[in-house]
Amino acid sequence: MGHGGLIQNSSDFILLGLLGHSRAQQFLFGMVLTIAFTALVGNALMILLIQLDLRLHTPMYFLLSQLSLMDAMLVSTTVPKMAADYLTGNKSISPAGCGFQIFFLLTLGGGECFLLAAMSYDRYVAVCHPLRYPMLMSWPLCLRMTMGSWFLGAADGLMQAVVALSFPFCSRREIDHFFCEAPTLVRLACADTSVFENVMYFCCVLMLLVPFCLILTSYSLILAAVLHMRSTEARKKAFATCSSHVAVVGLFYGAAIFIYIRPKSYRSAHHDKVVSAFYSILTPMLNPLIYSLRNSEVKGALRKNLKKRQLQCTQGAFPSFRLFPGQRVNPQQQEAGAGSLQGSYTVLTGLATASPPSSVVEAVTEHSLSIHTKQWEDKLGPVHL
């Protein structure tokens, strides 16, 4: 079967795409690529920051790193194929490729639904039961919720991908979309798909509305707790903690409910494509921006790491050590001395930042640093960090 001037395999599907080739739509294509690249960089940066900064090694930020991973994978599932189709004109996709797209999209989308519910529980415990947070939101529970989110998403994705591809398809295999999506693919089947469509609808209700109800319950309890707070400062902090998560939930669930839970009579291929682009490309870009701009800890970690990298670039190696006036130590001795002192400094300051700030920790750190500095000054002369 030929399409777009290229010979295609008769079993392949044809993705009609999101954009045409007019000048205005070429500009939109450039914007889509820019948004996708920003989403990948932003989510990768978020994951890197959470890994590098010890202060962000908490259940809340671990869940956030999983959200960033899902968003980065979601963009990678749809945009490269869409861009290749647009640039080469070869819009075909094999049944296996179509199945993989359906599987990964539903795995990541379904997993994100449950992950957002887990994040809302985390915020509920942090605001309503802060003293019991280590027990109610322990690391084992956090890991179980994360693994459960991935597993439930993968189970739904595998079931829908296998069943959707098991139907016989008519000779016209054109999918009016820019990626394979189960509801769109089923419309091409030459068999009765009503049972599968009802099951698919039921799964979508479970995957979307059950986590959404849990999120609404969590934030209703949070709102009730915040309104009973006497301190204005505490109210502001609680609202700031949760507002970014509420914004992400609104963006993701609004688009997903529009796509999967609308009645059939209200569906339009054009609207489906636009909203799918919103939740699969635009929302993954907005998530890291929302969390970084509205989260002081993330902004602090970013500033800290940027300053650290800038300091390393400007300082370079440590200053030369002198045993006697006019005499330098050999490179091995200098490297050993500087490395030991810097290692002591890193460990001590890391302990100070990992624990709650207190005068005792600061005093111990200052005293320990002075002892290590004095020891190396006795051996190598004046030492400067």
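With -110 degrees about the S-S bond, the link between Cys-98 and Cys-180 comes out left-handed. This value, like the others here, belongs to a predicted model. The two sulfur atoms of Cys-98 and Cys-180 sit 1.9 Å apart, and the pair forms a disulfide. Distant parts of the chain are linked this way: Cys-98 is in helix 3 (residues 95-128), while Cys-180 is in the loop between strand 5 (174-175) and helix 6 (182-186), and 82 residues separate the two. As for accessibility, Cys-98 and Cys-180 are both buried.

How many disulfides does the structure hold? The count is 2. A bond of this kind is covalent and runs between the sulfur atoms of two cysteines. Besides the link already described, a disulfide joins Cys-170 to Cys-190, with an S to S distance of 1.6 Å. Cys-170 lies in the loop between helix 5 and strand 5, and Cys-190 lies in the loop between helix 6 and helix 7 (194-227), so this pair ties together parts that are 20 residues apart in sequence. Are these two cysteines buried or exposed? Cys-170 has a relative accessibility of 32%, so it counts as partly exposed. Cys-190 also counts as partly exposed, because its relative accessibility is 41%. With bonded cysteines counted along the chain, the disulfides follow the pattern 1-3, 2-4.

Other cysteines deserve a quick look too. Cys-203 is in no disulfide, and the nearest cysteine sulfur, which belongs to Cys-204, is 6.9 Å away. A disulfide needs the sulfur atoms to be within 2.5 Å. Cys-203 counts as buried because its relative accessibility is 16%, and the cut-off for buried is under 20%. Cys-142 is buried as well, with a relative accessible area of 0%.

Cys-142 turns up again in the helix packing, as one of the helix 5 residues that meet helix 2. Two packed helices are described by the angle between their axes and the distance between the axes. For helix 2 (residues 59-88) and helix 5 (residues 139-165), the angle is about 20 degrees and the axes are 10 Å apart. Angles under 35 degrees count as roughly parallel, and helix 2 and helix 5 are therefore roughly parallel to each other. Their crossing is right-handed. On the helix 2 side, Pro-59, Phe-62, Leu-63, Gln-66, Leu-69, Met-70 and Met-73 take part; on the helix 5 side, they meet Trp-139, Cys-142, Leu-143, Thr-146 and Trp-150. Sorted by class, this contact has 10 nonpolar and 2 polar residues, and no charged ones.

Helix 5 also packs with helix 3, the helix that holds Cys-98. How do helix 3 and helix 5 run, roughly parallel or roughly antiparallel to each other? Their axes cross at roughly 150 degrees and come within 7 Å. Angles over 145 degrees count as roughly antiparallel, and helix 3 and helix 5 are therefore placed in that class. The crossing of helix 3 and helix 5 is right-handed. By class, their contact has 17 nonpolar, 8 polar and 1 charged residues.

Stepping back to the whole chain, the protein has 12 helices and 7 strands. Of its 385 residues, 41% count as buried. Among contacts between residues at least 6 apart in sequence, 76% join residues at least 24 apart.

Terms used. Residues numbered from 1 in each chain as written. Predicted model: local features only at pLDDT ≥ 70, side-chain atom pairs only at ≥ 80, totals over all residues. Heavy atoms only, no water. Axes fitted to C-alpha atoms, helices over the stretch in contact; angles between N-to-C directions. Helix = DSSP H or I, 4+ residues; strand = E, 2+ residues; numbered from the N terminus. Parallel < 35°, antiparallel > 145°, perpendicular 65-115°, else oblique. Left-handed = near helix turned anticlockwise from the far one by under 90°. Contact = heavy atoms within 4.5 Å. Nonpolar A, V, L, I, M, F, W, Y, C, P; charged D, E, K, R; others polar. Buried < 20%, exposed > 50% of the residue type's maximum accessible area, 1.4 Å probe, protein only.
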